Amino acid sequence: MSANTAAGTTDPAGPRNRSLPKIPFWAQIVAGLVLGALLGWLARSQDISWLTTTLDKVGSLFVQLLKLAVGPLVFFAILVSITNLRKVNNAARLATRTLLWFMIMSLIAVAIGIAIGLITNPGSGTDLTPKDGKLPEHSGSWIDFLTGIIPTDIITPFSELNVLQIVFMAAVAGIAVLKVGERAKPVLQLSEVVLELLQKALWWVIKLAPLGTIGLIGYAIADYGWDLIGKYATFTADVYVGCALVLFGVYPLLLSTVAKVNPIQFFKGAWPAIQLAFVSRSSVGTMPVTQKSAERLGVPKTYTSFAVPFGSTTKMDGCASIYPAIAAIFVAQIFDVHLGVQDYVLIAFVSVIGSAATAGLTGATIMLTLTLSTLGLPLEGVGLLLAIDPILDMMRTATNVAGQIVAPIIVASRENILDREAYDAATASPVEETAPEPAREKELSAVA
């Protein structure tokens, strides 16, 4: 024993080895929300232009970083997920059931949206008139939707971030890799490595979410103010209530009755993905966290690697079901257009079939224009809703991402491939640190 130790002198290396208590990621997000709201209120009430500009730049840079990875991430995630199906027994049945549950959940969500819109009449009692609307810069129609799937070249979809065309190219490439077989193995290995690199880079961006939250929330309040929200009070409340009913009502009910699991455990395991989706407003940007959340809730990785990328580009209960249903009723009331039963059926059809038009990016403008054009409603109605869209998009995207985890859990449970021990052990901790691979991957075999 040294003299210093005997004398009780502290080892100088000790303090350097001690780390400060780590602030939970959810607490960082909440702090960002509060600070952003305060700074936004301060910038607007005191007319501090430089603060408004700073908040705008911080939020825009965060979203820009997310979008930077979206194109290649979607391409390689879809390609690899399709090739991973070769490892899955009865892959066609799993894929079919996943798509079926996506459609069922979308149908339930759009029914709730229509019901809320009919009960509350969101377009009545506002000061808005048809003159307040303006044509959107980009609109969607069924012809554009169908013909727009196939790109004219391989560069433009990435430069213009047309996710639907990227999904098409990735699907074709993935199927081609499967058909070529062993000779395409180097391409598959390269794709897997690139996907891993992209996901690692995206994790670094995700760590900036608290700062992004400050900018996005702060600028929304500084630019729009509470007065604007007041004009759209009923409509805003309708979208949030509709999403909340799906998120905290429909999903738990399906989990408890169909999947036979504890809904509270779902929210524990899925919370990191839900809160990031709320802040980032991007289903694709949240994809790595969504997949890890699904895995630690007991869904086998061989299945999540297909279901989550597929869901992140097509499964949009908030943006493609609840929102366009309420928005269509809102626009119809502003423009004094009567909607009949057949119109509500069309809304449901567009929501279930056309949800891929949203493509996992921030905003649901294309999906809304697709709905309005199908119903024959004025597209100027989109202009009425653009100002309030960022505030609505937070809750919509959180609902989207939650549904993208619920569906694989339901399918995995019904196929007896869900690791229920892992599900019951799931926590709300950051998934990057505490979401190891499930202890044992269950064989994805068909149930007789």
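Before you select anything, one definition: a residue is buried at under 20% relative accessible area, exposed at over 50% and partly exposed in between, using a 1.4 Å probe and protein chains only. Phenylalanine 266 is a clear case to start from, buried at a relative accessible area of 0%.

You are looking at a predicted model, in which local features need a pLDDT of at least 70 and side-chain atom pairs count only at pLDDT 80 or more, while totals for chains, interfaces and linings use all residues. Residues are numbered from 1 along each chain as its sequence is written, and side-chain values use heavy atoms, with hydrogens and water left out.

**The whole chain**

Show the chain as a cartoon. There are 21 helices and 0 strands; both are DSSP runs numbered from the N terminus, a helix (H or I) having at least four residues and a strand (E) at least two. Of the 448 residues, 54% are buried. A contact means heavy atoms within 4.5 Å. Among contacts with a separation of 6 or more, 84% join residues 24 or more positions apart.

**Stop 1: phenylalanine 266 and the core**

Now select Phe266 together with Phe235, Tyr303, Leu385 and Ile409. These five have the most contacts inside the largest nonpolar core, which has 117 residues. Such a core is a set of buried Ala, Val, Leu, Ile, Met, Phe, Trp, Tyr and Cys residues joined through side-chain atoms within 4.5 Å.

What does phenylalanine 266 touch, not counting residues up to four places away in sequence? Add Leu255, Leu297, Ala402, Ile405, Val406, Ile409 and Tyr423 to your selection to see these neighbours.

**Stop 2: aromatic pairs**

Rings of Phe, Tyr and Trp (its six-membered ring) pair if their centres lie within 6.5 Å; planes under 30 degrees apart count as stacked, over 60 as edge-to-face and the rest as tilted. A search of the whole structure gives 8 aromatic pairs. Try phenylalanine 75 and phenylalanine 76: their ring centres are 5.2 Å apart and their planes meet at 85°, so this pair is edge-to-face. Phenylalanine 75 is buried at 16% relative accessibility, and phenylalanine 76 is buried at 18%.

Return to phenylalanine 266 and add phenylalanine 267 for another edge-to-face pair, with 5.1 Å from centre to centre and 70° between the planes. Phenylalanine 267 is buried too, with a relative accessible area of 17%. Then select Phe158 with Phe75 and Phe76, since ring pairs link these three into a cluster.

**Stop 3: helix α15**

Select residues 318–334. This is α15, whose 17 residues reach 22 Å from first C-alpha to last, close to the expected 24 Å; the expected span is 1.5 Å times one less than the number of residues. Where is the kink in α15 centred? Look at proline 324, where the kink is about 35°; the bend at a residue is the angle between axes fitted to the seven residues ending there and the seven starting there. Because 16 of its 17 residues are buried, α15 is largely enclosed by the rest of the structure.

Next, show tyrosine 323 and arginine 396. The arginine lies over the face of the tyrosine ring, at 4.1 Å from the ring centre; a charge sits over a ring if NZ of Lys or CZ of Arg is within 6 Å of the ring centre and within 35 degrees of the ring normal. After α15 comes aspartate 336, with a positive phi near 55°.

**Stop 4: valine 246**

Move to helix α11 (residues 233–257), where valine 246 lies. This valine is buried, at a relative accessible area of 1%. Leaving out residues up to four places away in sequence, valine 246 touches Ala109, Ile112, Tyr251, Pro252, Ile322 and Thr399. Measure from its C-alpha to that of glycine 403: the two residues are 157 apart in sequence and 8.9 Å apart in space.

**Stop 5: exposed loop residues**

Finish with three loops. Aspartate 47, between α3 (25–45) and α4 (49–84), has a positive phi near 55° and is exposed at 65% relative accessibility. Asparagine 416, between α19 (389–414) and α20 (420–425), has a positive phi of about 60° although it is not a glycine, and its relative accessible area of 55% makes it exposed.

Isoleucine 154 sits in the loop between α6 (142–147) and α7 (156–159). Is isoleucine 154 buried or exposed? It is exposed, with a relative accessible area of 59%. From its C-alpha to that of methionine 169, 15 residues away along the chain, the separation is 8.1 Å.
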